[in-house]
Amino acid sequence: QFILPHSRGSSHGQSRITRSAYPRAPYARMMPDSFRLWQRLEAEAGTSLYRRTGLVVLGPAGDPELEGCRRSLGADKVLDASMLARRFPSLRLHAGEVAMWDGTGGVLFADRALRAVQDVFRRHGGTLRDGEKVLRIEPGAVLTVTTTAGVYRAPRLIIAAGAWTGALMAPLGLCLPLQPLRIDVCYWREKEPGSPSTGRAGPCFMALGLSRAPHGVYGLPALEYPGLVKVCYHHGSPTDPEERDRAPPGAPCPNIALLSSFISSYLPGLEPRPAVVETCLYTNTPDEDFILDRHPKFSNIIIGAGFSGRRGHPAPQRWPGPWGWLCLPQLSLLPAGHGFKLAPVVGKLLCELSLGEEPSHSTAPFAITRFPGVLRAAL
């Protein structure tokens, strides 16, 4: 609905973390496939989309999420406080805490990745329509989608509309439990900025299981703004995606205060007040797992949503490029979300569902039916 590129959703900005460390096994199993698909897109687009910096995961010893990450990485990846201090003096551990090292972790260049996939998609015959808001979806053997710019018909439809997915699904009798959140994206100034001439970046990090930050904190090195490290709280305040910029003046910022305290305690090399604060949208399900499923009543409508917790009638054909899961022609409403690192696999699974193929990864954890009572009478 917005002109590309835009900053109204969840996929804008320059950087996202990617990693192998995952507390939940379904995502850990998908990550090798995701890494391979990103590499194939890099090769096809002829541009670098990933910088390997490594990732430090830290938190209280024995924390269940931390233990899940340890299982996905291996016991030999655990770092004690002295090892962490030697390798990464900018990060500090406290009594009873441990850290783990994910050598595959790093930074995906998000805005560059979006341009790359759009360019490659066009090169293989795809059509992108931006600046068109979807007004109505009419189900049937041939679906009709009415937008502010025209009417489209297709035998199948993939919807991954981020924070707007719930509003699109309600008229189709589906009340999905999706909560959009307004997130503060904060950048913190280094007290002694590293020399850019070294060409080195510090690691990404995640903090799990901390009582003072129950939803987790994550950070990326100073790659976007010179001398500014990106550190964010993995949570925010409920919002209407149409109203997210209308925060009341003088509203308290408890999440920024939480981050300031975290930085003073764990990242003493940063100034404890943010230098830049931007906003982003999350869209969460109650269990923070994705939704990747067919509409329970209209099986030719496929839905991808909740990525913040962790045209024409001919039969679809796979395009010959490396991201062969993109199908033409069918109609897709598909921005990315906080699950950016898994976007290639998500696209692959949504395509397989739309074609009636056996999914290459189990979609059972992402079924709509795990939420009781979501199917209502269509308006």
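Rings of Phe, Tyr and Trp (its six-membered ring) count as a pair if their centres lie within 6.5 Å; planes under 30 degrees apart are called stacked, over 60 edge-to-face, and the rest tilted. By this rule, a search of the whole structure finds 12 aromatic pairs.

The structure is a predicted model, in which local features need pLDDT of at least 70 and side-chain atom pairs count only at pLDDT 80 or more, while totals for chains, interfaces and linings use all residues. Residues are numbered from 1 along each chain as its sequence is written, and side-chain values use heavy atoms, with hydrogens and water left out.

**Confidence**

pLDDT is the predictor's confidence in each residue, from 0 to 100. The protein chain averages a pLDDT of 86, and 86% of the residues score at least 70. Over residues 311-330 the pLDDT stays under 50. For that stretch the model has 68 contacts (heavy atoms within 4.5 Å) beyond four places in sequence. Residues 332-337 also have a pLDDT below 50, and this stretch has 17 contacts in the model beyond near neighbours in sequence.

**Aromatic residues**

A pair of aromatic rings is described by the distance of the centres and the angle of the planes. Tyrosine 27 and phenylalanine 366 form a tilted pair, 5.6 Å centre to centre, with 45° between the planes. Both tyrosine 27 and phenylalanine 366 are buried; buried means under 20% relative accessible area, exposed over 50%, and partly exposed in between (1.4 Å probe, protein chains only). The pair of phenylalanine 35 and tyrosine 50 is edge-to-face, because the ring centres are 6.0 Å apart and the planes stand at 70°. This pair links distant parts of the chain: phenylalanine 35 is in helix H1 (residues 25-45) and tyrosine 50 is in strand E2 (residues 50-52), 15 residues apart. Helices (H or I, at least four residues) and strands (E, at least two) are DSSP runs, numbered from the N terminus. Phenylalanine 35 has a relative accessibility of 14% and so counts as buried, whereas tyrosine 50, at 21%, counts as partly exposed.

One aromatic cluster is formed by Tyr22, Tyr27, Phe290, Phe307 and Phe366.

Arginine side chains also lie over ring faces. A charge sits over a ring if NZ of Lys or CZ of Arg is within 6 Å of the ring centre and within 35 degrees of the ring normal. Arginine 87 lies over the face of tryptophan 101, at 4.8 Å from the ring centre. For arginine 112 over the face of phenylalanine 109, the distance from the ring centre is 4.4 Å.

**Nonpolar cores**

A nonpolar core is a set of buried Ala, Val, Leu, Ile, Met, Phe, Trp, Tyr and Cys residues joined through side-chain atoms within 4.5 Å. The largest has 27 residues, of which Val56, Val217, Val231, Phe262 and Leu267 touch the most other members. At least two residues of this core come from each of strands E3 (55-60), E5 (97-102), E11 (179-190), E12 (204-207) and E14 (228-233) and from helix H6 (254-266). H6 supplies the largest share, six residues. Leaving aside neighbours within four places in sequence, valine 56 is in contact with ten residues' worth of surroundings that include Leu84, Phe88, Trp101 and Phe205. Another core, of 24 residues, lies apart from this one, with Leu157, Phe298, Phe371 and Val374 among its members.**Salt bridges**

A salt bridge is a side-chain nitrogen of Lys or Arg within 4 Å of a carboxyl oxygen of Asp or Glu. The structure holds 10 salt bridges, including those in the table.

| Basic residue | Acidic residue | N to O distance |
|---|---|---|
| Arginine 70 | Glutamate 67 | 3.0 Å |
| Arginine 136 | Glutamate 138 | 3.3 Å |
| Arginine 370 | Aspartate 287 | 2.6 Å |

Glutamate 67 and arginine 70 both lie in helix H2 (residues 64-73), three residues apart, about one turn of the helix. Glutamate 67 has a relative accessible area of 25% and is therefore partly exposed; for arginine 70 the value is 25%, also partly exposed. Arginine 136 is partly exposed at 44%, and glutamate 138 is partly exposed at 34%. Arginine 370 is partly exposed, with a relative accessible area of 25%, and aspartate 287 counts as partly exposed at 33%. Asp33, Arg36 and Lys348 are joined into one network by salt bridges that share partners.

**Backbone at glutamate 288**

Most residues other than glycine have a negative phi. Phi of glutamate 288 is near 65°, a positive value in a residue other than glycine. Glutamate 288 is found in the loop between strand E16 (270-284) and strand E17 (291-294). With 22% relative accessibility, glutamate 288 counts as partly exposed.
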